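Please open the structure in the viewer and keep the selection tool at hand. The tour proceeds by selections, each followed by a short account of what is found there.

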Amino acid sequence: MRDALSLATDALSSDDVPVGAVVLDATGAVVGRGRNTRERDTDPTGHAEVVALREAAAHRGDWQLGGCTLVVTLEPCTMCAGALVQARVDRVVFGAFDDKAGAVGSLWDVVRDRRLHHRPEVVSGVLGDEAAVLLRDFFVARR
């Protein structure tokens with residue numbers, strides 16, 4: 001999570017919402033890194049999770065990321081939760097809850113929907129206070 005928080009801080013340089021993500025393989029090695037890039041790249045899919053999943057898939061040479069864990073500073077939205085399911089990630093670990101757009105337990109619970117073909121394990125609240133402070137400070141400064 002510390003690596004993801006560092007990536008989130010890096011997002012501030014491009015005025016992107018400070019969210020960072022890393023993908024770990026089954027041995028714990030980092031195979032993908034991402035931070036929000038929507039503003040920098042003018043890309044609506046430039047969420048930290050999607051960026052990290054793309055890098056992990058390229059690194060592994062396979063879109064199926066079974067055995068991997070995604071660690072992200074903020075609870076994934078519906079798009080990112082869907083991407084996690086489609087990539088067959090085994091586990092998602094997130095920091096801060098997102099009461100406005102969270103899709104891993106807060107507003108929706110996409111990843112645990114029994115109708116889906118794959119349901120990753122969820123670990124929530126890891127260094128959540130630190131991630132929440134980073135986000136809160138970002139939005140206070142923008143107001």
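Select Arg2, Leu5, Ala8 and Thr9 in helix 1: these residues meet Glu130, Ala131 and Leu134 in helix 5, contact meaning heavy atoms within 4.5 Å. Helices are DSSP runs of H or I with at least four residues, numbered from the N terminus. The contact comprises four nonpolar residues, one polar and two charged; Ala and Leu count as nonpolar, Glu and Arg as charged, and Thr as polar.

The model is a predicted one, in which local features need pLDDT of at least 70 and side-chain atom pairs pLDDT 80 or more, while totals for chains, interfaces and linings use all residues. Residues are numbered from 1 along each chain as its sequence is written, and side-chain values use heavy atoms, without hydrogens and water.

Next, display helix 1 (residues 2–11) and helix 5 (residues 128–142) in full: their axes lie 11 Å apart, at an angle of about 5°. Axes are lines fitted to C-alpha atoms over the stretch in contact, and angles run from 0 to 180 degrees between N-to-C directions. The two helices are therefore roughly parallel, the term for angles under 35 degrees.

Now turn to the two aromatic pairs of the structure (ring centres within 6.5 Å; edge-to-face if the planes are over 60 degrees apart). Select Phe94 and Phe97, an edge-to-face pair with 5.1 Å centre to centre and 85° between the planes. Phe94 is buried at 0% relative accessible area (buried means under 20%, exposed over 50%, partly exposed in between, with a 1.4 Å probe and protein chains only). Phe97, at 47%, is partly exposed.

Finally, select Phe138 and Phe139, also edge-to-face, at 5.0 Å and 80°. Phe138 is buried at 7%, and Phe139 is partly exposed at 36%.

Key
Parallel < 35°, antiparallel > 145°, perpendicular 65-115°, else oblique. Phe/Tyr/Trp six-rings, centres within 6.5 Å; stacked < 30°, edge-to-face > 60°.
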